[in-house]
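Please walk me through this structure. Begin with its strands, then turn to its empty spaces and its cysteines.

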Amino acid sequence: PPLGGIGSEGEAASFKQMGKQPLSSTPRAILSGHRQGVTCVCADAPLGLVASASHDGSCVLHLLQKGTYVRTMPHPVGASVELLALSREGLLAMYSQVDGSIHLFSVNGDRCASCPVQDDPLTVMTLSQGGLALLTGSSRGRVTIRCARTLHACHAFPPFPDPSPVLALASSPCGNFLLAGLEDGRAEVLTDDGALAKRNQENVMK
C-alpha cells in the first residue's frame, strides 16, 4: 500500500502563490519557552501548530499563524529531544538517544504510545506526505515504516550494502517510493515492498 496520501492541489497552489510574494524582514512572531538550545522544529499548516524541542527535555507548541503559546510537553524522562514529527491528526512523536525510545503524544499533552529502539539509534524521523506513516532512519543504515497512530512497525527495510547512517528521508507524492540520503553521500531509492528500486552510487555531496 502507499506510504501516505498525496498533497492536495490547493496546497500546491498556495505554495506557488507564496513564492510570488516578497518575504518580510520582520518576523511574524518570536517563539519562546525553552531554557536551553533548540534542537529541532516542525510545523503542520492544516493543523495550525508549530512544535520545537530542546536540550532541556521540553517540547513547546505554538499556534502557527499568531505564534501564541499553547503548551509545554516534557520528555517522559526529561531527556534532550533530538527528533520531532508532527502529524495533521494532532499527534506528536519525539525521540531522544538518552532513553532510546520514540514517544507519541496528542497535542493535548496525552501520552499515546512508546516504542524502544535502543539497539539502533535513530538519526532521522519524518512523516510520509499523507501523514499516516512515520519514517525513521538509523545510524546503522536501517529504514523503518511505522504507523503514525500507534508506532507499530509496518515494514523494516533490509540494511543497505556497506551500511551508513541515514541522514534524510522523503516519500514520493504517490507514496510508493522512499528516498534515503546516507552519510557517505549515497542516495538510495526504496520501493514499498522492500526492494531497492534504484541505487544511485553517485556521491551527492559533490
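Start with strand S3, residues 58-63. Five of its six residues are buried, so S3 is largely enclosed by the rest of the structure. Keep in mind that this is a predicted model.

S3 has a partner in strand S2, residues 49-54. The two strands run antiparallel and are joined by five bridges. Ser52 stands opposite Val60 of S3. S2 and S3 make a hairpin with three residues between the strands, and there Gly57 takes a positive phi near 85°.

S3 also pairs with strand S4, residues 69-74. Again the strands run antiparallel, with five bridges. Val60 stands opposite Thr72 in S4. So Val60 appears in both pairings: it faces Ser52 and it faces Thr72. S3 and S4 form a hairpin too, with five residues between them. Gly67 lies in that turn and has a positive phi of about 75°.

What holds such strands side by side? Strands of a sheet pair through backbone hydrogen bonds, either parallel or antiparallel.

Now move along the chain to an open sheet. Four strands build it, in the order S5-S6-S7-S8, and their pairing is antiparallel. S5 and strand S8 (111-116) stand at the edges. Each has a single partner strand, so one side of each is left without a neighbour in the sheet. From one strand to the next, the twist averages 15°. Inside the sheet, six bridges join S6 to strand S7, residues 101-106. Ser96 has Ser101 as its bridge partner in S7.

One more hairpin follows. S9 and strand S10 (residues 133-138) pair in the antiparallel sense over five bridges. Met125 has its bridge partner, Thr136, in S10. Five residues lie between S9 and S10, and Gly131 in the turn has a positive phi of about 80°.

Next, the empty spaces. Rolling a probe the size of a water molecule over the atoms shows where empty space is left. How many cavities of 30 Å³ or more does a search of the whole structure find? It finds one. The largest cavity has a volume of about 50 Å³. Its lining includes Ala85, Ser87, Leu104, Leu127 and Leu151. Strand S6, residues 91-96, gives the most to this lining, with three residues. By type, the lining residues are nine nonpolar, one polar and no charged.

The second largest pocket has a volume of about 260 Å³. Four strands each give two or more residues to its lining: S1 (38-44), S5 (83-86), S9 (122-127) and S13 (166-171). In total, 19 residues line this pocket. Leu86, Thr126, Leu127, Ser128 and Gln129 lie nearest its centre. The lining divides into ten nonpolar, seven polar and two charged residues. Leu127 also lines the largest cavity.

Last come the cysteines. A disulfide is a covalent bond between the sulfur atoms of two cysteines. How many disulfides does a search of the whole structure find? The count is zero. Cys59 is in no disulfide, and the nearest cysteine sulfur, that of Cys42, is 6.9 Å away. Cys59 counts as buried because its relative accessibility is 0%. Why is Cys147 not bonded to Cys154? The sulfur of Cys154 is the closest cysteine sulfur to that of Cys147, but at 5.6 Å it is too far for a bond. Cys147 is partly exposed, with a relative accessible area of 23%.

Terms used. Residues numbered from 1 in each chain as written. Predicted model: local features only at pLDDT ≥ 70, side-chain atom pairs only at ≥ 80, totals over all residues. Heavy atoms only, no water. 1 Å grid on protein atoms, 1.4 Å probe; cavity = no way out; pocket = protein on both sides within 12 Å on 5 of 7 lines; lining within 4 Å. Points joined across faces, edges and corners; volume = space filled by probe spheres on them. Nonpolar A, V, L, I, M, F, W, Y, C, P; charged D, E, K, R; others polar. Pairing = 2+ DSSP bridges. Axes fitted to C-alpha atoms, helices over the stretch in contact; angles between N-to-C directions. Disulfide = S-S within 2.5 Å. Buried < 20%, exposed > 50% of the residue type's maximum accessible area, 1.4 Å probe, protein only.
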